[in-house]
Amino acid sequence: MSKTLNLPEREKIQRISAVIRYAGDKLVRKFPILKRQNLLGALILLTSCFCFLLNSYLYIQGIMPAWLCFILNAFCTSFLHELEHDLIHNLYFGTRPFIQNTFMTIIWIFRGNLISPWYRKMIHMLHHREAGQTIDIEERLIGNGMKYGLKRLITMFDTALGWINFNELKQQIPQFSLKQIWGATFPIFIIFNVIWFSFLTHQGWKIINLIHTVVPPFPEWYIAIVNTLMIVYVGPNILRQGCLSFVSSNCHYYGDIKKADILKQTQVLQPWYLFPFQLFCFNFGGTHAIHHFVIDQPFYLRQFISPLAHAAMKKYGVRFNDIATFIRNNRYYDSASLVLS
Ligand SMILES: [Zn+2]
Ligand SMILES: [Zn+2]
């Protein structure tokens, strides 16, 4: 057995973290603009929002085709999602809460199918402390650890219908409060889902109307607005969040790993055929595991340093492209009975 494999887990984690920090610092020294994190954060926010609005305008004017607007807006909102995650970790305007809260509010509006960023901050911090454990609310809300079937697919791809798991979470997690999570849906998540379920209801009515004439549930002017918002806002965000939930819930392990064992909390998941999913979540499968080792680097930096970080992670035993996680329901070991904690 090699010397590397004999190292205690803690030592391996420290060595990987040291390489990630070294790679990040080296890059910042080489490109001093990377030190201007506040400026970069503000530019990412403004550019993403501006492109989103421009695409939407061009589509509404009949200049841009619907499919292109749909894809480009999903892409723009994926940057906003990463930006929110960095804000949760105080990486921009750390000493100016008013600016942070303004950024979070703007992001929540543009990327409406998630609960409030302030509630997310609470469950995301819990995620870093408890990844892979029963009380990791954030990952469990997107299906991590569930057996593949209709229920997991609904949980991953529709954030509103994720409530089908709430009772189970409530029974298992003392910190999970129904009152708190429903409160965190108001108002943006509610508005977003009113549009989405109006669209679904209208489609249902169209099908029924083919067989039997029924009075439409909504006036025409309302459906015209809903259909436009489906292309520019609701549809793109459902695509973005679906891709993210799918990749994230499969790059985290669940249920049979020790608390704080960062080596086993995540894998690097980036086979070529998952590229379409990674496209709408800023290569989350390729870079999120790096974030578990070093929390205070912005998302774009993680992408740049990933080759060096991956080399260290591979050397010290982090898993890569463990596709069998899909059939093991994200357990780290072959059998769920090998529970270590
Ligand atoms: Zn994570
Ligand atoms: Zn984080």
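## Exercises on a predicted model

In this predicted model, Asp136 lies in the loop that runs between helix 6 (117-130) and helix 7 (137-140).

**Exercise 1.** Determine whether Asp136 is buried or exposed, and find which residues it is in contact with, leaving aside its neighbours within four places in sequence.

*Solution.* Begin with the count around the residue: 23 other C-beta atoms lie within 10 Å of Asp136. The cut-off for a buried residue is 20 or more, and therefore Asp136 is buried. Next, with the neighbours within four places set aside, the contacts of Asp136 are Leu126, His127, Glu130 and Ala131. Finally, look further along the chain to Leu169, which is 33 residues apart from Asp136, and whose C-alpha atom is separated from that of Asp136 by 9.8 Å.

**Exercise 2.** Explain why helix 15 (residues 284-293) is described as largely enclosed by the rest of the structure, and name elements that cover its buried residues.

*Solution.* First take the residues of helix 15, where the buried ones include Phe284, Thr287, His291 and Phe293. Because 10 of the 10 residues are buried, helix 15 is largely enclosed by the rest of the structure. Then turn to the cover, which includes helix 2 (9-30), helix 12 (220-251) and helix 16 (299-315).

**Exercise 3.** Describe how helix 2 and helix 16 cross, and which residues meet there.

*Solution.* The two axes come within 9 Å and cross at roughly 145°, and the crossing is right-handed. Among the residues that meet are Ile16, Val19 and Leu27 in helix 2, and Phe304, Leu308 and Met313 in helix 16. Sorted by class, this contact has 12 nonpolar, 1 polar and 1 charged residues.

Terms used:
Residues are numbered from 1 along each chain as its sequence is written. Chains are lettered from A and ligands numbered from 1 in the order in which they are written. This is a predicted model: local features need pLDDT of at least 70, side-chain atom pairs count only at pLDDT 80 or more; totals for chains, interfaces and linings use all residues. Helices (H or I, at least four residues) and strands (E, at least two) are DSSP runs, numbered from the N terminus. A residue is buried if 20 or more other C-beta atoms lie within 10 Å of its own, exposed if 12 or fewer, and partly exposed in between; C-beta atoms are placed from the backbone. Two residues are in contact if their C-beta atoms, placed from the backbone, lie within 7 Å. Axes are lines fitted to C-alpha atoms, for helices over the stretch in contact, and angles run from 0 to 180 degrees between N-to-C directions. A crossing is left-handed if the near helix is turned anticlockwise from the far one by less than a right angle, and right-handed if clockwise. Ala, Val, Leu, Ile, Met, Phe, Trp, Tyr, Cys and Pro count as nonpolar, Asp, Glu, Lys and Arg as charged, and the others, Gly among them, as polar.
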